[in-house]
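Welcome! Let us take a walk through this structure together, one part at a time.

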Amino acid sequence: MPETIFTTENLIKAYLDCRKSKRQTTNALKYELDLENNLDTLRNQLASRTYEPSRSIRFIVTVPKPREIFAADFSDRVVHHVLINEIENLWEKDIFIVNSYACRKEKGHHFGVKRVFIFAKNYQYFGQFDIANFFSNIDKSVLFKLIKDVVVKQKKPDWWKNDILWLVRAIIFNDPTVNYLYKGNPGLVNLLPKGKSLLDQDKGTGLPIGNLTSQFFANVYLNELDHYVTENLKIPAYGRYVDDFLVFCNNKREIIKARNRIQIFLVERLKLILHPKKQQIQLTCHGIPFVGYFIKPWGITIRRNVVRTAKNKIYRFNKSGEVRKAVVSLNSYFGHFGKAKSAHLRKHLIEKHLCSEIKSQITVIGNWHHLGS
């Protein structure tokens, strides 16, 4: 039998990785009922290169803002894990910079907050910028070439490279807007800002938000920006979370100059543009809003909109009486809050906002609130 990455062992590992966060979903439970046959069928399709992604589920989420999601079928999610398990370390080991914080092991947004806090203490000015309609405007051909250039240079056998490039192509150039199934309130589509829907894009442009591969591909795409800013522009301090990025200097004019050169680079190299309204250049002492926190040179606090969202969730849980869901959700919030100065905030939420039934599930250890399992 020819050598391939599409082995039973690799698919089982990918399945186990995939089900960690999806096991209680309807699709995951259905897949598990006939697991052996489903994985065997998928392996044969991949090995024979007859695999094609299934139809996507389209829906709109409204929190924290309206976004369009094209959710992949569970079997496609398994395939995504097969690919990422094979190639992620190539970029993590030698290519990604340390100050890229999105969807990375041990380098997530909490790590990013610590780094930005250090930058805020050491530099007088920061510039914060956002890329307009980032996921919708990713050029698939540019993305594929970026991945191919890395894969072909690897000291790996040709069969490995061929499998990887075939699967990368199948995923990138799949069009989720074809034959999708819409779920939810159709009226929510009207909340999407112009240019935010994949249905508005050319067929060679745009990746669906939420897929594991899309998250990784986004880092691959903007890795070009990371290296341009740090190596070509020689910016002394820089950090990026998805398409929200920060540059630090002690001179405001240097940040303006860097911003102008970044705009040109994005258009020419990645076919992207900076969002004209989501830009600011400020003193670091004024505070930096970043991944749910507000960072100043002397401390980190929680952004007001995050606190407001947490209070709204508590209100709904108190009303519905869903103790288990409340405990899981609030434990996540308190984990987020625990990275900032928030002991009084957490105490206030527990004592003043939680109903007694949910409050009874909470134990207090020092200044940290742990919710019962």
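We can begin with the second largest pocket, where α2 (26–33), β1 (57–61) and α4 (74–94) each contribute at least two residues to the lining. Keep in mind as you look that this is a predicted model. The space in this pocket comes to about 380 Å³. Its lining is made up of 13 residues, and those nearest the pocket's centre are T25, N27, I57, A71 and A72. What classes of residue make up the lining of the second largest pocket? Five of the lining residues are nonpolar, three are polar and five are charged.

From α4, we can move on along the chain. The loop between α4 and α5 (109–122) holds S100. Is S100 buried or exposed? The relative accessibility of S100 is 0%, and because buried means under 20% relative accessible area, S100 counts as buried. Which residues surround it? Setting aside neighbours within four places in sequence, the contacts of S100 are K107, N219, D226 and R240.

The loop leads us into helix α5, and F111 is a good place to pause there, since this residue has its place in that helix. With a relative accessible area of 25%, F111 is partly exposed; that class lies between the buried limit of under 20% and the exposed limit of over 50%. Not counting residues up to four places away in sequence, F111 touches V98, Y101 and E106. For a sense of distance, try finding Y51 as well: F111 and Y51 are 60 residues apart in sequence, and their C-alpha atoms are 38 Å apart in space.

Helix α5 also brings us to a sheet, for the helix lies across β8, β9 and β10 and runs at about 25 degrees to β9. These three strands form an open sheet in the order β8-β9-β10, and their pairing is antiparallel. At the edges stand β8 (288–290) and β10 (299–302); each has a single partner strand, so one side of each has no neighbour in the sheet. From one strand to the next, the twist averages 25 degrees.

To finish, look closely at one pairing within this sheet. How many bridges join β8 and β9? Strand β9 (residues 293–296) pairs with β8 over three bridges, in the antiparallel sense. For F290, the bridge partner in β9 is Y293.

Technical notes
Residues numbered from 1 in each chain as written. Predicted model: local features only at pLDDT ≥ 70, side-chain atom pairs only at ≥ 80, totals over all residues. Heavy atoms only, no water. 1 Å grid on protein atoms, 1.4 Å probe; cavity = no way out; pocket = protein on both sides within 12 Å on 5 of 7 lines; lining within 4 Å. Points joined across faces, edges and corners; volume = space filled by probe spheres on them. Helix = DSSP H or I, 4+ residues; strand = E, 2+ residues; numbered from the N terminus. Nonpolar A, V, L, I, M, F, W, Y, C, P; charged D, E, K, R; others polar. Buried < 20%, exposed > 50% of the residue type's maximum accessible area, 1.4 Å probe, protein only. Contact = heavy atoms within 4.5 Å. Pairing = 2+ DSSP bridges. Axes fitted to C-alpha atoms, helices over the stretch in contact; angles between N-to-C directions.
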